[in-house]
Amino acid sequence: MRTLLIDQNVSNTDLIISLKIMQGNPTPESQNEFINQMIHARFLCLATFDPEPIPNEKGEYEIAEGMKLLMNSVASEDKKAFIVAFTETKEAMKQKKEKEHTIITTYPDFCNMVLQEDSPYSGFVINPYSENIVVTREIMLSINQHIRVVKRPGTPKMGQPGSGPMM
């Protein structure tokens, strides 16, 4: 059974620095450095569970058989859903609502969720209420042609994308 890291702290100083450099000077080198940092970073996503996860004796949360996971998402003007990813705990806490948890995710996790044939998601967006970096399915496929992304078995069923503000 796979476990989740729920309500943990995350900080991505190197990712934020590379993002700011890329935004100020969008060269191929700065873009490559940002992508390198992004594919190795740990992000926080807001999510709700059905049923609610219960920690085991080690304090770890296990994905139960049949558990549904609804990721917080936002919709683009053309109604495409994007998973919301935060680079730091304080960014996620600004948006967290009652009964939502933060879960730690990685670029391979986004690949598992977005690149499924029946995925309701068109990509993910990093810090949508500040930096607003959109990583589409097409960008992910392009990145994946140049790296090896390991898919993990046991990814929970995805719910329908949540409604959110238009980007």
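A residue counts as buried when its relative accessible area is under 20% and as exposed when that area is over 50%, with partly exposed in between; this cut-off is worth keeping in mind while touring what is a predicted model.

Begin with the whole chain in cartoon view, where the secondary structure comes to 5 helices and 10 strands, and where 44% of the 167 residues count as buried. Among the contacts with a separation of 6 or more, 75% are accounted for by residues 24 or more positions apart. If you then switch on the surface, its accessible area comes to about 9,300 Å², of which 51% belongs to carbon and sulfur atoms.

Next, turn to the salt bridges, of which the structure holds 3.

Select E91 and K94 in helix α3, residues 89–95, where the two are 3 residues apart and therefore separated by about one helical turn. Their closest N and O atoms lie 3.3 Å apart. E91 has a relative accessibility of 15%, so it is classed as buried, whereas K94, at 58%, counts as exposed.

Now select K20 and E131, which form a salt bridge with their closest N and O atoms 3.0 Å apart. This pair links distant parts of the chain, since K20 sits in helix α1 (residues 13–24) and E131 in the loop between β8 (121–126) and β9 (133–136), 111 residues apart. K20 is partly exposed at 45% relative accessibility, while E131 is buried at 16%.

Finish at D78 and K80, whose closest N and O atoms are 3.9 Å apart in a salt bridge; D78 is partly exposed, with a relative accessible area of 49%, and K80 is partly exposed, with 41%.

Key:
Residues are numbered from 1 along each chain as its sequence is written. This is a predicted model: local features need pLDDT of at least 70, side-chain atom pairs count only at pLDDT 80 or more; totals for chains, interfaces and linings use all residues. Side-chain values use heavy atoms; hydrogens and water are left out. Helices (H or I, at least four residues) and strands (E, at least two) are DSSP runs, numbered from the N terminus. Buried means under 20% relative accessible area, exposed over 50%, partly exposed in between (1.4 Å probe, protein chains only). Contact means heavy atoms within 4.5 Å. Accessible areas come from the Shrake-Rupley method with a 1.4 Å probe; for residues, only the protein chains shown count as cover. A salt bridge is a side-chain nitrogen of Lys or Arg within 4 Å of a carboxyl oxygen of Asp or Glu.
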